[in-house]
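Welcome! Please take a look at the structure below before reading on.

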Amino acid sequence: MTDASRRVLVLNGPNLGRLGSREPEKYGTTTFAELVGVCEKTGAELGFEVEVRQTDDEAELVGWLHEAADGSTPVVLNPAAFTHYSYALRDAIAQRTAPLIEIHLTNPATREEFRHTSVVAGVATGTIAGFGLDSYRLALRALVSLES
């Protein structure tokens, strides 16, 4: 990636705004504000202008994915619970015009059975899961190689 101001959206689904207090034994004690800082810092180191967003609203997340598709903007997406059942999200991702990396803080394959299926993985560029905050860092680094 040669353009030092290349924009990347880091989109987060339901309950991720509660990081730090939500099930810290699974998700750790890092807050959402700290996650934003990590993403912005990592992005800046890689030459990205990173914008981090979070919503509990499926329609809002779909709208952001449409925005990314219309602008050919790469996306790092933690769809959270929408991963397992949101065909609307899957259809929005299928319209992507730039890389989209699905990420998860935990590894869904090691959790409850209903979390083992991702309806969005088949239309994502790739998936990174189980590395906590490093899942975000790894996804941003992957975008460098995907865009070069």
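The report that follows goes through the helices, the cores, the annotated sites and a few backbone details of this predicted model.

## Helix α2

A good place to begin is helix α2, which runs over residues 32-46 and has 15 residues. From its first C-alpha to its last, α2 reaches 21 Å, close to the 21 Å expected at 1.5 Å a residue. Which residues of α2 are buried? They are Phe32, Leu35, Val36, Val38, Cys39, Thr42 and Gly43. These residues cover an arc of only 160 degrees around the axis, so they sit on the same side of α2.

Turn the helix around and you will find Ala33, Lys41, Ala44 and Glu45 exposed on the other side. The buried residues, for their part, pack against β1, β2 (48-54) and α5 (134-147). Just after α2 comes Gly47, with a positive phi near 85 degrees.

## Helix α5

One of the partners of α2 is α5, so let us visit that helix next. It has 14 residues, which should span 20 Å at 1.5 Å a residue, and the end C-alpha atoms of α5 are indeed 20 Å apart. The buried residues here are Ser135, Tyr136, Ala139, Leu140 and Leu143. Seen down the axis of α5, they fall within an arc of 135 degrees, so they line one face of the helix.

What covers the buried residues of α5? The cover includes β1, α2, β2, β3, β4 (100-104) and β5 (126-129).

## The nonpolar cores

In soluble globular proteins, nonpolar side chains tend to be buried together. In this model, the largest nonpolar core has 23 residues. Val10, Val76, Tyr136 and Leu140 are those with the most contacts inside it. At least two residues of this core come from each of β1, α2, β2, β4 and α5, and α2 gives the most, with five residues.

Tyr136 is a handy residue to follow on screen. Leaving aside neighbours within four places in sequence, Tyr136 is in contact with Val10, Asn12, Leu16, Leu35, Cys39, Val76, Asn78, Ile103 and Leu105. Apart from the largest core lies another one, of 18 residues, and among them are Leu9, Ala92, Val120 and Val123.

## Active site positions in the record

For "active site", an unreviewed UniProt entry lists Tyr27 and His104. Where is His104 placed? You can find His104 in strand β4. With a relative accessible area of 7%, His104 is buried, because buried means under 20%.

Several residues from elsewhere in the sequence touch His104. Not counting neighbours within four places in sequence, its contacts are Asn78, Pro79, Thr83, Thr127, Ile128, Ala129, Gly130, Phe131 and Ser135. Among these, Ser135 is also one of the buried residues of α5.

## Binding site positions in the record

The unreviewed UniProt entry also places the feature "binding site" at Asn78, His84, Asp91, Leu105, Thr106 and Arg115. These positions are spread over 38 residues of sequence, and they are spread in space too, up to 24.0 Å between C-alpha atoms.

Asn78 lies in strand β3 and is buried, with a relative accessible area of 3%. Setting aside residues up to four places away in sequence, Asn78 touches Leu11, Asn12, Gly13, Leu16, Ile103, His104, Leu105 and Tyr136. That list includes His104, from the "active site" annotation, and Leu105, from the "binding site" annotation. His84, in turn, lies in the loop between β3 and α4 (87-93). Is His84 buried or exposed? At 16% relative accessibility, His84 counts as buried.

## Two loop residues with positive phi

Most residues other than glycine have a negative phi, and most peptide bonds are trans. Asn15 is not a glycine, and yet its phi is positive, about 75 degrees. This residue belongs to the loop between β1 (6-12) and α1 (24-27). Asn15 is partly exposed, with a relative accessible area of 37%.

Ser72 also has a positive phi, about 50 degrees, although it is not a glycine. Look for Ser72 in the loop between α3 (58-70) and β3 (75-78). At 32% relative accessibility, Ser72 counts as partly exposed.

How values were computed
Residues are numbered from 1 along each chain as its sequence is written. This is a predicted model: local features need pLDDT of at least 70, side-chain atom pairs count only at pLDDT 80 or more; totals for chains, interfaces and linings use all residues. Side-chain values use heavy atoms; hydrogens and water are left out. Helices (H or I, at least four residues) and strands (E, at least two) are DSSP runs, numbered from the N terminus. Buried means under 20% relative accessible area, exposed over 50%, partly exposed in between (1.4 Å probe, protein chains only). The expected span of a helix is 1.5 Å times one less than its number of residues. The arc is that of the directions from the helix axis to the C-beta atoms. Contact means heavy atoms within 4.5 Å. UniProt positions are given in the numbering used here, feature names are shortened, and annotations may be inferred rather than shown by experiment. A nonpolar core is a set of buried Ala, Val, Leu, Ile, Met, Phe, Trp, Tyr and Cys residues joined through side-chain atoms within 4.5 Å.
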